[in-house]
Amino acid sequence: MNIHTYEKVWLIAALVLIVGFIATVTYGSVGLGIAMIDDSEETVEPGELGEDERFADPRVEQVGENEYEAYVVAQTFMFSPDPIEVPAGSEVTFYVTSRDVIHSFSVAGTNINTMVIPGEVATMTVEFDEPGEYGVVCNEYCGSGHHNMEGQLHVVEEDEFDMTELSVEADDEVETGDEATIDVAVENRMLEELETTVTLEIDGETFGEDVTVAGGETETTTFTVDTADLGEGDHDWTVTVDDYEDSGTLTVVDELEEEDDDDE
Amino acid sequence: MMTMSNAYIDDFPAEAKVIRAAFYSSFFALALGGVFGVIQTLHRTGYYRFIDSADYYTVLTAHGVFLVISFTIFFLVGIFTWAVTTSLDRGVEDLRFTWGWYGLMAIGITLSGVAILAGFTDATDISASVLFTFYAPLQGHPMFYLGLVLFVVGTWLAGVDWFRSWWAWKGENPDERIPLPTFMVLTTMLMWYIATLGVAAAILLFLLPWSLGWIETVNPLLTRTLFWFFGHPVVYFWLMPAYMMWYVLLPKVSGGKLFSDPLARVVFVLFLILSVPTGIHHQYLDPGIAEGFKFIAMTNTMFLLLPSLLTAFTVVASMEHGARQRGGTGYFGWLKALPWRDPVFTGMALAGLMFAAAGFSGMVNAGMNINYLVHNTFWVVGHFHLTVGTAVALTFMAVTYWFLPQVTGKALWSRSVALGQVVLWFVGMTFMSNAMHRAGLLGVPRRTAEPQYDGFEFEAAVGSIGELQAQIALGGILLTLSLVLFFANVIGTGLNGRSDDLPANEYAGTLSGPEDAPLVLDNLKLWTAIAIVLVIFAYTFPLLSIVDRGGLFGPELNPFPVSIESVTLLAFAVEHLAVGALESLSLPGLLEVIR
Amino acid sequence: MRISKAGLLVVLALLAPLLVELRTVLSWINVELSVLETAVVGAVLVAIVLVWAFLPENGEDEDTDETADRNVSNGD
């Protein structure tokens with residue numbers, strides 16, 4: 001076979017280029033650790049995500065000192081949780097699955113990008129060095145509302161990040177002279193201990209109590225308010241723990257009616 | 001009638017008629033696809049939105065299917081028929097058979113086309129807004145899938161037709177080498193037979209029975225993988241005819257000869273063996289496929305660069321040879337001697353140049369881990385508007401200016417308009433595709449009606465999103481104008497009278513001919529066997545693994561028929577019609593149905 | 001004319017990719033052009049090409065145009 005010299009040179013240069021490309025990609029995988037989305041996860045039943053321990057309640061969980069896992073469900077035409085909140089300086093492993101059709105989970109302007117196929121769980125581990133807010137888009141056509149499918153990913157300052165959940169149970173209505181109780185449950189979903197102060201403000205008066213919540217635990221603080229001091233009428237209260245707040249109204253009445261408390 | 005010329009129609013009048021029919025079918029699809037293209041451009045960029053965003057996806061499906069299935073494939077069966085009959089110098093074996101496959105293709109695409117277009121009207125619940133890739137569980141009307149099957153079977157029979165011609169010719173010329181154009185047709189068709197097995201399996205075993213309700217569920221990853229088994233090689237089915245034009249026609253219009261016949265054969269053999277075992281590179285980001293399989297697909301893909309790089313050399317070398325025959329001199333001075341006045345030449349040269357740019361963005365796509373940044377973004381749309389949208393489409397439009405007189409016997413209406421048309425396409429595509437690539441790098445997704453979101457904004461590195469949108473809209477409008485010029489020429493030529501002063505039906509000779517090519521290159525059985533073995537290597541384990549994980553028919557999953565939308569829409573429409581308003585065919589309504 | 005009319009058309013067309021890519025390339029060296037500035041640069045480039053094309057070459061007379069357009073048939 002008769003090949004022109006220049007063409008031989010070109011052929012060799014082309015082969016070198018190709019081998020070079022394969023080498024750089026291999027370096028990216030092995031050297032830089034850019035792993036591909038793969039088949040490491042077991043399949044799931046897309047119709048039974050409600051019973052799945054990871055996806056029944058889509059959320060972020062802390063699994064190590066700076067390590068988190070995010071369980072994300074994509075469905076027409078939304079992502080949950082939304083927004084996804086993680087701290088800067090962390091390593092987050094995303095587990096993403098779909099409830100219905102093929103979607104994608106793509107964080108705009110980054111290389112966080114995966115297809116989301118019903119029945120399969122896409123997983124990828126991402127390092128977040130800096131705080132920032134990103135948009136999450138579905139970049140696979142998933143039906144007529146595809147263009148409305150979006151979410152948010154918030155990477156917050158490490159010292160501003162917590163996974164505290166506040167729930168308050170309080171009496172609505174008490175008789176004058178009785179004690180009103182306000183139970184404040186502080187759940188700490190992080191691994192390390194949480195030291196904080198639970199503050200109750202009612203009628204301009206502030207009560208505070210320091211609490212220490214162990215990792216993964218819930219501590220309940222109970223405030224008792226003497227209604228004699230408050231007097232009859234409506235009293236607005238606010239419970240604050242760090243940045244979380246809950247509020248309500250306590251009504252103090254002369255005598256508690258048996259029924260119909262709604263109608264004045 | 002006295003004929004003075006040696007045009008194709010003079011030698012093969014009956015075949016010329018089939019080719020004309022194929023061309024006109026192709027141009028009709030191009031016109032429809034072009035209209036939907038400009039609607040999309042203006043809608044997406046927000047300059048002019050007169051359709052509901054939910055209908056955007058019907059427009060997008062039509063744009064994709066009409067352009068990459070009907071426009072390209074009807075055109076290529078035309079030029080393949082030309083290539084076989086001209087290079088073997090014999091008519092088709094049985095004209096009824098030839099019309100038969102053309103008819104089957106036409107019926108098939110009509111069924112699919114009607115199913116897609118019915119998505120615009122609420123008068124029927126037929127719809128197939130599933131896009132060109134029809135990923136399950138999105139479900140189209142059975143007519144859509146059935147039409148695609150008939151169309152593909154039509155192309156299979158077309159291949160049979162060309163093989164029959166070759167076998168008959170071989171019987172009479174046992175010791176001759178396969179003429180280059182026929183060799184290219186046969187290798188392309190062999191690749192196509194292997195490639196279409198994937199889509200045939202996806203449709204016949206799963207999607208069609210599922211859309212008819214015969215089976216309850218499908219495995220979305222399996223049908224998707226079978227689609228891409230076909231979905232990547234189909235791009236070579238579009239590209240190889242364009243390559244053929246660069247090999248057999250471009251050197252001739254440049255005024256010279258093809259640099260090397262043996263290398264041309266090597267290139268087509270490489271395409272035959274490497275096109276199919278690469279499809280998984282479209283699934284780099286799919287969960288459920290192991291990294292190793294993706295790596296194999298990537299390696300094959302990278303080696304598939306080789307035939308394209310070899311083609312770049314041969315094409316440029318042949319052009320230079322032509323230019324020097326025309327009196328060109330100097331290292332670069334020969335460029336001036338090329339026939340830039342000829343739209344056939346200029347169109348192909350500009351198409352080739354853009355294909356080089358497309359090669360670069362393609363290498364980025366092929367790079368497994370860089371792909372994370374661009375996968376399914378607008379970048380990819382920019383990429384394939386350079387490949388199929390320019391390297392193929394512009395080449396096809398340029399060679400139309402040569403073929404149309406050959407198969408109609410009429411002189412081209414206007415060479416100047418034709419030159420303006422190909423140059424305008426180049427400029428328009430430059431604006432559009434550049435902005436698409438850049439927008440993709442910012443994370444702007446493809447396939448979306450309104451790439452603007454409530455919760456965040458894309459941040460441009462250079463300029464602004466608004467400028468990118470403007471650039472895309474400008475490009476889209478220039479491309480539309482270019483299409484208008486193209487159709488003016490096709491119609492103008494059709495209205496011309498019969499000319500007896502047409503160039504002869506010839507293709508390029510070679511500097512280094514088939515006698516320099518080892519005989520083994522013509523051993524089609526060997527190359528087909530190697531191609532099949534490579535496909536088995538690349539696909540057996542991924543497919544087995546996918547079936548093993550998700551089951552042959554996948555998990556319990558409701559089909560997502562896009563036609564149900566129109567049923568809901570119908571209810572809404574009736575309601576709204578009563579008050580005389582059809583506005584906002586309500587997403588809330590859809591959401592309820594879907595959940 | 002130094003090049004044929006068709007050649008000139010193609011050269012002008014090739015300015016389009018040059019121009020749109022130039023903006024990106026210049027941004028790497030921290031030169032950010034606005035759309036208007038890019039358009040002005042484009043107009044200047046077009047003008048330069050036109051002047052170059054129409055300036056008579058040394059010792060050549062006006063029938064260059066004809067010469068360049070002579071061989072324009074389909075190469076046969």
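**Exercise 1. Determine how many residues the largest nonpolar core has, and which element gives the largest share of this core.**

Solution. The term comes first: a nonpolar core is a set of buried Ala, Val, Leu, Ile, Met, Phe, Trp, Tyr and Cys residues joined through C-beta atoms within 7 Å. A residue counts as buried if 20 or more other C-beta atoms lie within 10 Å of its own, as exposed if 12 or fewer do, and as partly exposed in between, with C-beta atoms placed from the backbone. On these terms the largest nonpolar core has 249 residues, and those with the most contacts inside it are A:V72, B:M354 and B:V422. Its largest share, 22 residues, comes from helix 3 (residues 56–88) of chain B, where helices (H or I, at least four residues) and strands (E, at least two) are DSSP runs numbered from the N terminus. Apart from this core lies another, of 18 residues, including A:A180, A:L200, A:L250 and A:V252.

The model is predicted, so to speak of local features requires pLDDT of at least 70, side-chain atom pairs count only at pLDDT 80 or more, and totals for chains, interfaces and linings use all residues. Residues are numbered from 1 along each chain as its sequence is written, while chains are lettered from A and ligands numbered from 1 in the order in which they are written.

**Exercise 2. List the residues with which B:M354 is in contact, leaving aside its neighbours within four places in sequence.**

Solution. Two residues are in contact if their C-beta atoms, placed from the backbone, lie within 7 Å. Once the neighbours within four places in sequence are set aside, B:M354 is in contact with B:L386, B:T390, B:A391, B:F426 and B:M429.

**Exercise 3. Establish which pair of chains has the most contacts, and describe the sides that touch.**

Solution. Of the 2 pairs of chains that touch, chains A and B have the most contacts between them, with 58 residues taken from chain A and 70 residues from chain B. On the side of chain A that touches chain B, helix 1 (5–30) gives the most, with 11 residues. By class, that side has 26 nonpolar, 22 polar and 10 charged residues; here Ala, Val, Leu, Ile, Met, Phe, Trp, Tyr, Cys and Pro count as nonpolar, Asp, Glu, Lys and Arg as charged, and the others, Gly among them, as polar.

Turning to chain C, 26 residues of chain B are in contact with 21 residues of chain C. Helix 16 (415–441) of chain B gives the most to the side of chain B that touches chain C, with 7 residues, and by class this side has 13 nonpolar, 7 polar and 6 charged residues. No contact joins chain A and chain C, whose closest C-alpha atoms lie 17 Å apart.

**Exercise 4. Work out the order of the 5 strands in the open sheet of chain A, and explain which strands stand at the edges.**

Solution. The order is 4-10-9-6-7, and the pairing is mixed, two strands being paired if DSSP finds at least two bridges between them. Strand 4 (84–87) and strand 7 (113–116) of chain A stand at the edges, each with a single partner strand, so one side of each is left without a neighbour in the sheet.

Strand 4 of chain A runs parallel to strand 10 (residues 150–156) of chain A, and 4 bridges join them; A:I84 stands opposite A:L153 in strand 10. Strand 9 and strand 10 of chain A, in turn, run antiparallel and are joined by 6 bridges. Along strand 10 of chain A the side chains alternate: A:G151, A:L153 and A:V155 point to one face and are buried, whereas A:E150, A:Q152, A:H154 and A:V156 point to the other and are not.

**Exercise 5. Locate B:G455, decide whether this residue is buried or partly exposed, and find its contacts in chain A.**

Solution. B:G455 is found in the loop between helix 16 and helix 17 (465–495) of chain B. The residue counts as partly exposed because it has 14 C-beta neighbours inside 10 Å. Leaving aside neighbours within four places in sequence, B:G455 is in contact with A:G135, A:E150 and A:Q152. Of these, A:G135 has A:Q152 as its bridge partner in strand 10 of chain A.
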